[in-house]
Amino acid sequence: MASNPHLSSRLQGFGTTIFAEMSALAVKTGALNLGQGFPDTDGPPEVAEAAIAAIRNGHNQYPPLPGVADLRLAIAEHQQRFWDVRLDPNTEVLVTAGATEAIAATLLALCEAGDEVVVFDPTYDSYAAGIAMAGARIRPVVLTAQANGTFGFDPVQLREAFSPRTRLLLLNTPHNPSGKVFTDEELSLIGELCVEHDVIAVTDEVYEHLVFDGRHRLLSAYPGMAERTVTISSGGKTFSFTGWKVGWATGPADLIAAVRVAKQFLTFVNGAPFQPAIAVGLRLDDSYFSQFRRQLEQKRDLLCSKLGQAGFDVLTPQGTYFATVDIRRLGFSDGIQFCLGLPELAGVVAVPSAVFYQDRKDGAHFVRFCFAKNDAMLTEAGDRLITAFA
Ligand SMILES: *Cc1c(COP(=O)(O)O)cnc(C)c1O
């Protein structure tokens with residue numbers, strides 16, 4: 001994590017993360033890797049076949065800037081089917097190179113240098129870098145473990161995070177790494193504050209189909225929010241094709257047009273044959289989406305039960321495919337040291353949640369495990385942790 005003298009001042013501190021080190025450690029020790037956040041099996045075969053057919057049928061040149069028309073239509077249909085949102089596929093839908101590009105383009109399009117972006121901390125790792133590249137400043141509101149075993153925030157701190165410099169609020173629900181699903185009450189307050197301070201909301205909903213407890217709610221559905229929210233998602237997590245990088249931003253035409261300007265000069269376009277394939281995915285029966293959720297819910301329950309048996313305090317996630325544990329009950333306090341030693345100690349790799357926090361102290365005692373893995377691996381990893389700690 002040494003600083004690189006070639007790196008611009010905007011990007012100082014965003015060098016190589018601990019992930020590379022952890023993965024190298026996994027390979028070296030032969031440990032089971034529950035660190036990396038992607039599934040170990042591919043998604044629906046009919047979606048894969050659609051991509052192969054698209055390549056064979058000549059969908060290999062630049063697609064249109066806003067995305068292929070049929071995918072934009074499929075995204076609009078999906079938003080209507082699941083979330084009761086009506087969109088004009090021609091003006092209110094933009095296809096991007098994954099959710100990551102949609103987030104970066106939105107930040108670059110909408111922020112002036114010095115503007116502030118309110119986020120809930122910990123954050124997905126691209127947020128702070130995207131905000132920095134846009135010349136804006138991150139204004140974190142820390143999520144803390146509540147008595148009921150979920151993550152929550154102090155409404156007073158959220159209110160205080162808004163200032164005359166606040167341009168955007170960037171919300172991720174279901175939330176990676178915490179597994180939190182923001183509640184109706186929380187989203188109401190967030191919406192009220194955005195309206196009161198004339199702030200635009202950007203929501204990252206890549207885990208929209210992985211809510212196990214409660215239900216997924218769109219911030220754009222709250223009073224006054226439809227006209228000020230850019231809603232972002234992607235096919236990577238929903239269809240278990242994280243390498244395809246087909247994402248989208250939806251929202252009011254004027255905001256989407258602004259995001260399109262920035263997107264045009266980042267990648268212009270991507271994934272010509274994957275775009276029609278993701279359209280096939282978005283049109284799968286409801287049963288695909290419910291089975292996918294049930295399957296991951298079972299994996300959550302399997303891993304969380306083992307983590308509990310190993311003696312951790314488990315913060316059972318309401319959504320996503322990540323579970324967080326508090327390591328203090330096992331006598332540890334530093335998650336980074338704990339994760340560096342874990343392959344040797346237990347033959348398992350996990351990620352220290354501290355790396356997702358603006359101030360690492362806030363997440364020092366949390367460790368994240370990914371459960372989007374086959375049941376045999378989850379069982380074996382869980383049993384190894386039980387043997388090492390229980
Ligand atoms: C995986 C992930 C992304 C990245 O999505 P892509 O479509 O692969 O760019 C964005 N946000 C969160 C919270 C994620 O977990």
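# A Guided Tour of the Predicted Model

Thr 238 is a buried residue, with a relative accessible area of 4%. Please select Thr 238 to begin; this residue belongs to helix H8, which covers residues 235-238. The structure on the screen is a predicted model. Show the surroundings of Thr 238 next: leaving out residues up to four places away in sequence, Thr 238 touches Val 206, His 209, Tyr 288, Phe 289 and Phe 292. Then add Arg 293 to the selection. Thr 238 and Arg 293 are 55 residues apart along the chain, and their C-alpha atoms are separated by 9.3 Å.

**The ligand and its shell**

Now select the ligand. Which residues surround the ligand? They are Gly 98, Ala 99, Thr 100, Tyr 124, Asn 172, Asn 176, Asp 204, Val 206, Tyr 207, Ser 234, Lys 237 and Lys 245. If these residues are coloured by character, four are nonpolar, five are polar and three are charged. Helix H4, residues 98-110, gives the most to this shell, with three residues.

Three distances may be displayed here. A backbone N or O atom of Ala 99 is found 2.8 Å from an oxygen atom of the ligand. For Asn 176, an N or O atom of the side chain lies 3.0 Å from a ligand oxygen atom. For Lys 237, an N or O atom of the side chain is likewise 3.0 Å from an oxygen atom of the ligand. Taken alone, the ligand exposes 390 Å², and the protein buries 94% of that.

**Gly 98**

Select Gly 98, which is located in helix H4. Is Gly 98 buried or exposed? Its relative accessibility is 2%, so Gly 98 counts as buried. Leaving aside neighbours within four places in sequence, Gly 98 is in contact with Ser 234, Lys 245, Val 246 and Gly 247. For a view across the model, add Val 351: Gly 98 and Val 351 are 253 residues apart in sequence, and their C-alpha atoms are 23 Å apart in space.

**Asn 176 and Asn 172**

Move to Asn 176, in the loop between strand E7 (166-172) and helix H7 (184-196). Asn 176 is buried, because its relative accessible area is 4% and buried means under 20%. Its side chain makes a polar contact of 2.9 Å with the side chain of Arg 368. When residues up to four places away in sequence are not counted, Asn 176 touches Thr 123, Tyr 124, Tyr 207, Thr 320, Phe 322 and Arg 368.

Asn 172 is the next selection, and this residue lies in strand E7. Asn 172 has 4% relative accessibility and therefore counts as buried. Which backbone oxygen does the side chain of Asn 172 reach at 2.9 Å? It is the backbone oxygen of Asp 204. In addition, a polar atom of the Asn 172 side chain lies 3.0 Å from the backbone oxygen of Pro 174. Apart from neighbours within four places in sequence, the contacts of Asn 172 are Tyr 127, Phe 182 and Asp 204.

**Backbone features**

Most residues other than glycine have a negative phi, and most peptide bonds are trans. The following places depart from that pattern.

- Select Asn 176 and Pro 177: the peptide bond from Asn 176 to Pro 177 is cis, with omega near 10°. Pro 177 is in the loop between E7 and H7.
- Select Asp 121 and Pro 122: the peptide bond that joins them is cis, with omega near 5°. Pro 122 is in the loop between strand E3 (116-121) and helix H5 (126-133).
- Select Lys 245: this residue is not a glycine, yet its phi is positive, about 55°. Lys 245 sits in the loop between H8 and strand E10 (247-250), and at 36% relative accessibility it counts as partly exposed.
- Select Phe 268: its phi is also positive, about 65°, although Phe 268 is not a glycine. Phe 268 is placed in the loop between helix H9 (253-264) and helix H10 (274-282), and at 31% relative accessibility it counts as partly exposed.

**The nonpolar cores**

The tour ends in the interior. The largest nonpolar core has 94 residues, of which Leu 71, Val 117, Tyr 321, Leu 342, Phe 369 and Leu 385 touch the most other members. Helix H11, residues 286-309, gives the most to this core, with seven residues. Select Leu 71: apart from neighbours within four places in sequence, Leu 71 is in contact with Val 95, Val 246, Gln 275, Ile 278, Ala 279 and Leu 282. Finally, select Val 142, Ala 161, Phe 162 and Val 199, which are among the 26 residues of a second, separate core.

Methods: Residues numbered from 1 in each chain as written. Predicted model: local features only at pLDDT ≥ 70, side-chain atom pairs only at ≥ 80, totals over all residues. Heavy atoms only, no water. Near = heavy atom within 4 Å. Polar contact = N/O pair within 3.5 Å; in protein donor to acceptor, adjacent residues only side chain to side chain. Areas by Shrake-Rupley, 256 points an atom, 1.4 Å probe, with all protein chains shown as cover. Helix = DSSP H or I, 4+ residues; strand = E, 2+ residues; numbered from the N terminus. Nonpolar A, V, L, I, M, F, W, Y, C, P; charged D, E, K, R; others polar. Core = buried A, V, L, I, M, F, W, Y, C linked by side-chain atoms within 4.5 Å. Buried < 20%, exposed > 50% of the residue type's maximum accessible area, 1.4 Å probe, protein only. Contact = heavy atoms within 4.5 Å.
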